[in-house]
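Subject: Handover of a structure and the findings on it

Dear colleague,

Please find below the structure that I am passing on to you. My findings follow it, arranged by topic, so that you may read them with the model open.

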Amino acid sequence: MIATFDNLSADVLARARNTQLVIFDIDGVLTDGSLFYGDDGQEYKAFHSKDGHGIRMLLESGLEMALITGRQSELVLHRADNLKIPRNRIWQGYRDKRPAFTDLLEKTGLKPENIAYVGDDVVDLPVMAQVGLAIAVGDAHYYVKQHAHWVTQTHGGRGAGREVCEMLLHAHGKLHSKLASYLT
């Protein structure tokens with residue numbers, strides 16, 4: 001995990017400061033992309049607890065969250081409920097994520113430049129190309145990294161979500177006070 005964000009470019013910092021809502025893909029971003037199936041056909045995913053705490057810190061600090069994923073899974077709803085992400089900020093089963101993004105814009109009234117998107121694969125590029133801050137996780141497909149404004153050092157499902165949350169909190173001037181609050 002990055003201790004400081006002093007290496008951020010002025011452009012990325014400006015884009016992050018302008019961000020009011022961050023969209024996360026699920027598979028390959030908030031998970032490592034592995035899909036586990038039980039004998040009964042039930043799908044299982046592993047979420048990183050540090051990503052979850054980063055999301056909670058982000059929400060507590062007034063930034064908004066959304067999830068857009070190409071797969072459909074009850075696990076996503078359970079994880080979102082656990083993190084207190086509102087159900088009206090979750091879009092599942094969208095291989096083409098553009099309609100979900102359009103719906104999000106209509107529901108929130110936000111402009112694309114006020115939104116960050118975190119992705120890992122080429123299916124994320126159509127939305128990444130529209131937002132103010134496009135972020136790729138450290139192990140994203142090379143083409144996605146080429147089209148991102150910023151790439152995390154951490155891999156998807158291994159703390160990349162936490163790194164994104166802390167970077168956004170840093171850009172908004174809230175990271176230090178948020179972390180310091182754990183010492184009081």
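The largest pocket has a volume of about 200 Å³. Please bear in mind that this is a predicted model. The residues lining the largest pocket are Asp25, Asp27, Thr69, Gly70, Arg71, Arg95, Lys97, Asp120, Asp121, Val123 and Asp124. Sorted by class, this lining has 8 charged, 2 polar and 1 nonpolar residues.

Enclosed space

A pocket is open, whereas a cavity is a space from which the probe cannot get out. Rolling a probe the size of a water molecule over the atoms shows where empty space is left. In this structure there are 2 cavities of 30 Å³ or more.

The largest cavity holds about 50 Å³ of space. Its lining is made by Ile26, Leu30, Phe47, Leu67, Val76, Arg79, Ala80, Leu83 and Ile85. Which helix gives the most to the lining of the largest cavity? The answer is helix α3, residues 74-83, with 4 residues. By class, 8 of the residues lining the largest cavity are nonpolar, 1 is charged and none is polar.

The second largest cavity has a volume of about 40 Å³. Around the second largest cavity stand Leu30, Phe47, His48, Asp51, Gly52, Ile55, Arg79 and Leu83. Two elements, α2 and α3, each give two or more residues to this lining. The largest share, 3 residues, comes from α2. The classes here are 4 nonpolar, 2 polar and 2 charged residues. When you compare the two lists, you will find Leu30, Phe47, Arg79 and Leu83 in the lining of the largest cavity and also in that of the second largest cavity.

Salt bridges

How many salt bridges does the structure contain? The count comes to 14. I describe three of them here.

One joins Lys45 to Asp27, and their closest N and O atoms are 2.6 Å apart. Lys45 lies in the loop between β3 (43-44) and α2 (49-60), while Asp27 lies in the loop between β1 (21-24) and β2 (36-37), so the pair ties together parts that are 18 residues apart in sequence. Are these two partners buried or exposed? Lys45 counts as buried because its relative accessibility is 13%, which falls under the 20% limit for a buried residue. Asp27 is likewise buried, with a relative accessible area of 14%. Asp27 also appears in the lining of the largest pocket.

A further salt bridge is formed by the side chains of Arg158 and Asp32, with a distance of 3.0 Å from N to O. This pair links distant parts of the chain, 126 residues apart: Arg158 is in the loop between β8 (150-151) and α7 (160-171), and Asp32 is in the loop between β1 and β2. Asp32 is partly exposed, with a relative accessible area of 33%.

In the third example, Glu60 forms a salt bridge with Lys178, where the closest N and O atoms are 2.6 Å apart. Here too the pair links distant parts of the chain, with Glu60 in helix α2 and Lys178 in helix α8 (residues 175-180), 118 residues apart. Glu60 counts as exposed, at 56% relative accessibility, whereas Lys178 is buried, at 16%. In addition, salt bridges that share partners join Asp27, Glu43, Lys45 and Arg71 into one network. Of that network, Asp27 and Arg71 are both among the residues lining the largest pocket.

The surface

Which residues make the nonpolar surface patch of about 320 Å²? Val122, Tyr142 and Tyr143 make this patch. Tyr142 is placed in helix α6, which covers residues 142-146. Tyr142 is exposed because its relative accessible area is 56%, and the limit for an exposed residue is over 50%.

Finally, a remark on Asp11, which is found in helix α1 (residues 10-17). Asp11 is partly exposed, with a relative accessible area of 40%. Between the C-alpha atoms of Asp11 and Asp139 there is a separation of 22 Å, and the two residues are 128 residues apart along the chain.

Yours sincerely,

A colleague

Technical notes: Residues numbered from 1 in each chain as written. Predicted model: local features only at pLDDT ≥ 70, side-chain atom pairs only at ≥ 80, totals over all residues. Heavy atoms only, no water. Patch = residues over 30% accessible without salt bridge, like charges linked within 9 Å, V, L, I, M, F, W, Y side chains within 5 Å. Areas by Shrake-Rupley, 256 points an atom, 1.4 Å probe, with all protein chains shown as cover. Salt bridge = Lys/Arg side-chain N within 4 Å of Asp/Glu carboxyl O. Buried < 20%, exposed > 50% of the residue type's maximum accessible area, 1.4 Å probe, protein only. 1 Å grid on protein atoms, 1.4 Å probe; cavity = no way out; pocket = protein on both sides within 12 Å on 5 of 7 lines; lining within 4 Å. Points joined across faces, edges and corners; volume = space filled by probe spheres on them. Nonpolar A, V, L, I, M, F, W, Y, C, P; charged D, E, K, R; others polar.
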